[in-house]
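Please look over the chain shown below, following its backbone from one end to the other before reading on. The paragraphs after it lead through the sheet, then some of the helices, and then a single residue.

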Amino acid sequence: MKEWKNRIVVLCTRIERLESLGEVASDLAESLGCGVSFLYVREEGLLELPIFSDTDGSDEAIRRAISEGLGDRANGWAVFVHDADPADRILLEAEREKARLILTDRNDGVERIVRHSPAPIFVAADRSAHPLREVLIVLDPAFTLPAATGAIDTAATIAASDAQLRCFMDYELILDRADPSIDPVVGAMTPEILAQEEADLIERTRERFESLCRERGQAAEFNIGEGGMVDEILQRSRGSGADLLILVPQDRETLLADAAPDIVREASADVLILYGNWWE
């Protein structure tokens with residue numbers, strides 16, 4: 001597992017989300033045993049909201065107002081105010097602190113944060129449900145055992161003690177078989193041979209996935225899809241009533257990694273992204 005410090009860095013860009021993000025940060029910090037750095041980042045040039053109209057407008061006055069707004073849950077938290085690009089600032093802070101987790105809401109820079117984060121990312125929904133009682137863990141078809149077990153263990157740590165954890169895998173079929181390929185050993189790979197190879201791969205992937213879930217005592221659903229990974233995962237998440245959707249792309253090059261920013265944008269639940277190679 002990568003060497004993380006015991007720190008959550010939180011990005012808040014909207015004062016109206018202060019209380020809800022503070023609640024999520026408090027729950028996560030307690031579950032993971034982490035400290036918290038809470039960043040309120042104003043886009044450069046933007047005016048402050050009326051909530052700060054009774055301050056002198058200085059960063060220190062605004063920082064004190066934020067600390068008061070967070071209440072007792074923020075005892076011991078580090079609170080910062082920045083004028084910067086929010087995505088740039090949180091990515092820099094997470095790298096600097098070797099953060100264990102980035103927590104943010106769905107702001108304009110969230111897709112960039114998802115694509116470039118050096119740490120796991122928790123994206124809180126506008127109405128986060130806490131404690132988390134329905135968790136859907138989406139494993140990459142290219143998953144490794146450390147990645148899968150790490151994600152399941154993380155889900156059990158941050159969810160309610162009586163939470164229902166479910167594992168899901170979407171294997172997307174690639175239907176274009178018009179051009180045969182050449183294998184240096186067996187020669188021409190006809191469409192029929194390619195189809196059989198993919199069928200064999202699907203079955204091996206299914207067996208690995210279901211075997212892992214049985215060993216961990218998790219409910220499992222394996223789906224062979226043709227409609228696109230984003231739609232398949234969102235449909236399954238909504239159908240299960242998930243409070244938390246955990247995406248576990250094996251690395252940044254897989255179909256699941258490519259789908260992650262769109263899933264974050266469209267999901268009604270909280271989304272946690274745990275790239276599998278963080279455990280390796």
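Which strands does helix 8 lie across, and at about what angle does helix 8 run to strand 11? In this predicted model, helix 8 (residues 255-266) lies across strand 5 (121-124), strand 6 (134-139), strand 7 (164-172), strand 11 (244-248) and strand 12 (270-273), and its direction makes an angle of about 155° with that of strand 11.

These strands belong to an open sheet of 10 strands with mixed pairing, arranged in the order 3-2-1-4-5-12-11-6-7-10. Its edges are strand 3 (78-83) and strand 10 (219-225), each of which pairs on one side only, and from one strand to the next the twist averages 20°. At the strand 3 edge, strand 2 and strand 3 run parallel and are joined by six bridges, with Val41 standing opposite His82 of strand 3.

Helix 3 (residues 86-97) can be checked by its length: its 12 residues should span 16 Å at 1.5 Å a residue, and the end C-alpha atoms are indeed 16 Å apart, which agrees. Its buried residues are Pro86, Ala87, Ile90, Leu91, Glu93, Ala94 and Glu97; seen down the helix axis they fall within an arc of 165°, so they line one face of helix 3. The cover over these buried residues includes strand 1 (7-12), strand 2 (35-42), strand 4 and helix 4 (110-116). At the start of helix 3, a side-chain oxygen of Asp85 comes to within 3.1 Å of the backbone nitrogen of Ala87, while the residue that follows the helix, Lys98, has a positive phi, near 50°.

Helix 7 (residues 229-240) also has 12 residues, and the distance from its first C-alpha to its last is 16 Å, close to the 16 Å expected at 1.5 Å a residue. Its buried residues are Met229, Glu232, Ile233, Leu234, Arg236, Ser237 and Ser240, and they pack against strand 6, strand 7, strand 10, strand 11 and helix 8. Just after helix 7 comes Gly241, whose phi is positive at about 65°.

A closer view of strand 4 (residues 101-105) can be had through Thr104, which has its place there. Thr104 has a relative accessible area of 0%, and because buried means under 20%, this residue counts as buried. Leaving aside residues up to four places away in sequence, Thr104 touches Leu11, Leu21, Val110, Ile121, Phe122, Val123 and Ala124.

Notes. Residues numbered from 1 in each chain as written. Predicted model: local features only at pLDDT ≥ 70, side-chain atom pairs only at ≥ 80, totals over all residues. Heavy atoms only, no water. Helix = DSSP H or I, 4+ residues; strand = E, 2+ residues; numbered from the N terminus. Buried < 20%, exposed > 50% of the residue type's maximum accessible area, 1.4 Å probe, protein only. Contact = heavy atoms within 4.5 Å. Expected span 1.5 Å × (residues − 1). Arc of directions from axis to C-beta. Polar contact = N/O pair within 3.5 Å; in protein donor to acceptor, adjacent residues only side chain to side chain. Pairing = 2+ DSSP bridges. Axes fitted to C-alpha atoms, helices over the stretch in contact; angles between N-to-C directions.
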